Amino acid sequence: MLVAVAFLSTIYTNIKTLQYANVETFIVFRSSTPILVSVADWMFLGRELPSMQSSVCLGGLLLGAIGYVLSDTKPEVNGYAWVVVWYAVFCFDQIYLKHAADNVKMRSNWGKVYYSNLLACAPLTLITIVTQETTVLTELPSVEALLAVGLSILLGVAMSYFAWMARSLISATYFTVVGNSCKIITIIINRCIWDKHATNQGLVFLLLCLLCAYYYKQAPKRKGSDPASSKPKIPL
């Protein structure tokens, strides 16, 4: 159940952060998360601290993101409290879900996808009733709307499946770096399709981020360290 709570809390605080801060500011904070996650990886999941090469890459990711933001627009934050809350929740989500992926044994990866999304449906249903979201169902949706929703469901299931698969194969820090890289690639694709987005100088900083992500190497597990018995333990 805590997996679902962490998952939903991350989404909610993410939305609230974007409500009070611009996207560029969010990118900077998101790019700094692997640094804290790498320390938590060492403290709780039995990993070594990043090597010198990986540490430089983590710093390069952060500097590249800051350079991109400054080349385009100025960071803006009106509600630092939500940014801090999101930051803490997101880092906890990355570590705890990796812990669950390693310790909760299921016959297949689909089991993790099924239970994490099923448990998340319970609080979402309650929120839907409380916020009266059911009023949008009074009208029959169009075929285009149904197709759009259906496609989003398929993409969501695919993302959930491959996210759990990736979590079981790589460290929490590496997973966070991969997630940040996806955001960077999205910005580059956006630049190729639409106008008035990243500048040429901004693209140079984004390419720096991708280069750092490519050369980042996940920290190995400490010798004699067993995540299932390492100290301090994370409760399931």
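## Asking how we know: cysteines, a helix and a pocket

Trainee: How many disulfides does a search of the whole structure find?

Mentor: Zero disulfides turn up in the whole structure; the test is a pair of cysteine sulfur atoms within 2.5 Å. Do keep in mind that this is a predicted model, where local features need pLDDT of at least 70, side-chain atom pairs count only at pLDDT 80 or more, and totals for chains, interfaces and linings use all residues. Residues are numbered from 1 along each chain as its sequence is written, and side-chain values use heavy atoms, with hydrogens and water left out.

Trainee: Why does Cys 91 count as buried?

Mentor: Buried means under 20% relative accessible area, exposed over 50%, and partly exposed in between (1.4 Å probe, protein chains only). Cys 91 has 8% relative accessibility, so it counts as buried.

Trainee: And what makes Cys 121 partly exposed?

Mentor: Its value: Cys 121 has 41% relative accessibility, so it counts as partly exposed.

Trainee: How do you know that the span of helix H7 agrees with what it should be?

Mentor: The expected span is 1.5 Å times one less than the number of residues. For the 22 residues of H7 (residues 172–193) that gives 32 Å, and the end C-alpha atoms are 32 Å apart, so the two agree. Buried residues of H7 include Phe 175, Ile 184 and Ile 188.

Trainee: Which element has the lowest mean pLDDT?

Mentor: That is H7, at 83, while helix H6 (residues 143–169) has the highest, 94. pLDDT is the predictor's confidence in each residue, from 0 to 100.

Trainee: Which element gives the largest share of the lining of the largest pocket?

Mentor: H6 does, with eleven residues.

Key. Helix = DSSP H or I, 4+ residues; strand = E, 2+ residues; numbered from the N terminus.
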